[in-house]
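Visitor: I'm new to this one. Could you show it to me and explain the words you use along the way?

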Amino acid sequence: MEYLIVAFRSREHTVKFYNFLKSVGVSSEIINTPKEAGVGCGLSVKTKKTDFYLVKRAVFHLNLSSFAGFFLSSFVGGKRTIKTI
């Protein structure tokens, strides 16, 4: 199972971004930022990998200065891996 993580350095921006995605109908949730990502404020937005281009456009449209990066999270053999996109 793979999913996209959008990390910010601000909790306020994380919540603002989540609410924006929700308002435009993109399935997402707020999660604790995985420690393997090594960035952020402790909260990130999780969404489907297939929504990457829409989510990327939203990040730049909102111009959130605390944006920390996109990460792909996957589970293989019960182990989580995090890759920067």
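Guide: Sure, let's begin with a facing pair: Ala-7 stands opposite Ser-44 in β3. Keep in mind that this is a predicted model, where local features need pLDDT of at least 70, side-chain atom pairs count only at pLDDT 80 or more, and totals for chains, interfaces and linings use all residues. Residues are numbered from 1 along each chain as its sequence is written, and side-chain values use heavy atoms, leaving out hydrogens and water.

Visitor: How do you know that β1 and β3 pair?

Guide: Two strands pair if DSSP finds at least two bridges between them. β1 and β3 have four, in the antiparallel sense, so they count as paired.

Visitor: And what joins β2 to β3?

Guide: Five bridges, with the strands running antiparallel. On β2's side, Ser-28 has Thr-47 of β3 as its bridge partner.

Visitor: Why is β3 called mostly covered?

Guide: Buried means under 20% relative accessible area (exposed is over 50%, partly exposed in between; 1.4 Å probe, protein chains only). Five of the five residues in β3 (43-47) are buried, so the name fits. Leu-43, Val-45 and Thr-47 point one way, and Ser-44 and Lys-46 the other.

Visitor: What makes a group of residues a nonpolar core?

Guide: They must be buried Ala, Val, Leu, Ile, Met, Phe, Trp, Tyr or Cys, joined through side-chain atoms within 4.5 Å. The largest one here has 15 residues, and Val-6, Phe-17, Leu-21, Val-55 and Phe-70 have the most contacts inside it. α2 gives the most to this core, five residues.

Terms used
Helix = DSSP H or I, 4+ residues; strand = E, 2+ residues; numbered from the N terminus.
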